[in-house]
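Welcome! Here are some short exercises to work through with the structure in view, each followed by a worked solution.

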Amino acid sequence: MAEDKSKRDSIGLNAKEGQTNNGFVQNEDILETDLDPSSPAAGPQHNTVDILGPGEPDVKDVRPYAGMPKEVLFQFSGQARYRIPREVLFWLTVASVLLLIAATIAIIAISPKCLDWWQAGPMYQIYPRSFRDSNKDGDGDLKGIQDKLDYITTLNIKTVWITSFYKSSLKDFRHAVEDFREIDPIFGTMKDFENLVAAIHDKGLKLIIDFIPNHTSDKHAWFQWSRNRTGKYTDYYIWHDCNYENGTTIPPNNWLSVYGNSSWHFDEVRKQCYFHQFMKEQPDLNFRNPDVQEEIKEIIQFWLSKGVDGFSFNALQYLLEAKHLRDEAQVNKTQIPDTVTHYSQLHHDFTTTQVGMHDIVRSFRQTMNQYSREPGRYRFMGTEAHGESITETMVYYGLPFIQEADFPFNSYLSKLDKPSGNSVSEVITSWLENMPEGKWPNWMTGGPDNVRLTSRLGEKYVNVMNMLVFTLPGTPITYYGEEIGMRNILAANVNENYDTGTLFSKSPMQWDNSSNAGFSEGNHTWLPTGSDYHTVNVDVQKTQPRSALKLYQELSLLHANELLLSRGWFCYLRNDNHSIMYTRELDGINKVFLMVLNFGESSLLNLKEMISNIPTRVRIRLSTNSAYSGHEVDTHAVTLASGEGLILEYNTRNLLHRQTAFKDRCFVSNRACYSRVLNILYSLC
């Protein structure tokens, strides 16, 4: 009897002590045998089940045990010693999540806009016919550019800009396009272009290309259909009745071509005159025709779908002409009208920058925005506006709430023909003072239609000009060969119809001192190579520690790695006929770069008189004379040779842009401050 009672005690649950758990009884067979419903011992078992039932047992003196049913567990979970820690942990979790969300929102809210790819580094402009010949025919091509991408990456370039390569009769170089969707055979095939785009992107670079929508070649299919009055193409160009007698055209008005003489040409097929702002082989499209605008939109979409990252739109000021066809006013009102044949002899009030022109440009931007929605794939839009005033040029930036170009290309430095501190200063201040608030500047030292830097200013100014564009705020833009100091060739003999005045800056790239300067392995080149290619070439300058190429690479690397140069304030100190001085600085960084650039005769400068808190001795971070880099200079007496430039570095907490005296002489595009603690930029300075 004592043994039976012991077994029953192991089965039954004592509500007060809670020490026995049926789930842990080892011999279940014995239990099933002994628990006879008719036996007296069955009573305690039934009582145990009742405790676990739906009633409300008293658990005040019961301790938790493993395997207890949920009804009992709920009784314990409601007790304060279990409930309170659980609730505390829950609300701590909620508070932590909310704090994390709030911190994320706050960081996003105070963070300045990130620099886009077209702002983050220099652009490199390539004239494809002169960069590299891959098939020995004497003409540069797309494969040749692909072969030299490794070299371009050594320059720390971010964007490759290729000028026009469309199928063209090559009248006026690249502007007479026969088919906007085809590659000219001189440069290769569409497959070559697709391979080049893929290779450029594989290198982490971006690609922009030229596009001149104003006109086509007279061999374009659209023009052929238009001259025959075929369907919708009848009004794709600007046609007007005119008199044609004995081989002489009497135009409808006195409008002139950019290249001189009347801008109207009689067409024998249509028996009307068509309008051409440039050469007669380049008839102007009629942008007042919606079908023409739609055609151009589709061409933009075509190249964007090919992977192009942006466009440089050229000759946009010529897109529209006045409908009334009235004569334009003469500059010299006393001049005999029949003798007015040069473009500069008229005020072009009816043939440039007409009302509605910027609406068309904005429609280009809207088309490109459709391809900019994918993160990291923003499509850049630049505009070239040659010959326009600084005020007219700035309009291409757009309005505060209406986007247009990311920037109009700034070619004013490319036109400087006499170096001086005052002339360089005027270019810088005129752009920064007229640029709309929050917009991004850019600086070009050369281009296909400009005299090369070395030929314009002299060899000794190549390095200081490169130092200038890499230390100014904005995007530096380099024309191929300027990084090694190539100069214009002296003669250009070609059998094609060119404006030879702009040929001299398009000579083949000078890669090494082999035959044809390493540009081509063929027997001839389309233009002669520069006479100095044996000493002025990439291979030679790669091994020279004081070469123009070495300094260019150091400047581009400094620009890429220093927040002061990419995001900092620009504070203008002074200029004279010889030199200019300015600083780059950023809130949160107690370091300042002071640029001292000499474009005139040798000068002795006392920097202490200009900046009171500058240390007596400062470090030369970079110099156009590499022997000085890393050394220190006495700020009481800084000697600069002609064409010499210094980037000086010193520490200070008293930044110039905070000082009242410099309030109107400092500029920043997108204000940002640096936090050393968090290692982030923020905008609430």
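**Exercise 1: a small sheet**

Histidine 240 has cysteine 273 of strand E10 as its bridge partner. Find out in which order the strands of this open sheet lie, and which are the edge strands.

*Solution.* Start with the ground rules: this is a predicted model, in which local features need pLDDT of at least 70 and side-chain atom pairs count only at pLDDT 80 or more, while totals for chains, interfaces and linings use all residues. Residues are numbered from 1 along each chain as its sequence is written, and side-chain values use heavy atoms, without hydrogens and water.

Next, look at the pairing. E6 and E10 (residues 272-275) are joined by two bridges in the antiparallel sense; two strands pair if DSSP finds at least two bridges between them. Strands (E, at least two residues) and helices (H or I, at least four) are DSSP runs, numbered from the N terminus.

Now put the three strands together: the order is E6-E10-E9, with antiparallel pairing. Strand E6 (239-240) and strand E9 (264-267) are the edges, since each pairs on one side only.

**Exercise 2: histidine 559**

Decide whether histidine 559 is buried or exposed, and list what it touches.

*Solution.* First, locate histidine 559 in helix H18 (residues 548-561). Its relative accessible area is 2%, so histidine 559 is buried (under 20%; exposed is over 50%, partly exposed in between, with a 1.4 Å probe and protein chains only).

Then collect its contacts (heavy atoms within 4.5 Å). Leaving out residues up to four places away in sequence, histidine 559 touches Ala120, Gly121, Phe470, Gly474, Pro476, Leu565 and Ser566.

**Exercise 3: the whole chain**

State how many helices and strands the chain has, and what share is buried.

*Solution.* Count 19 helices and 28 strands. Of the 685 residues, 53% are buried.
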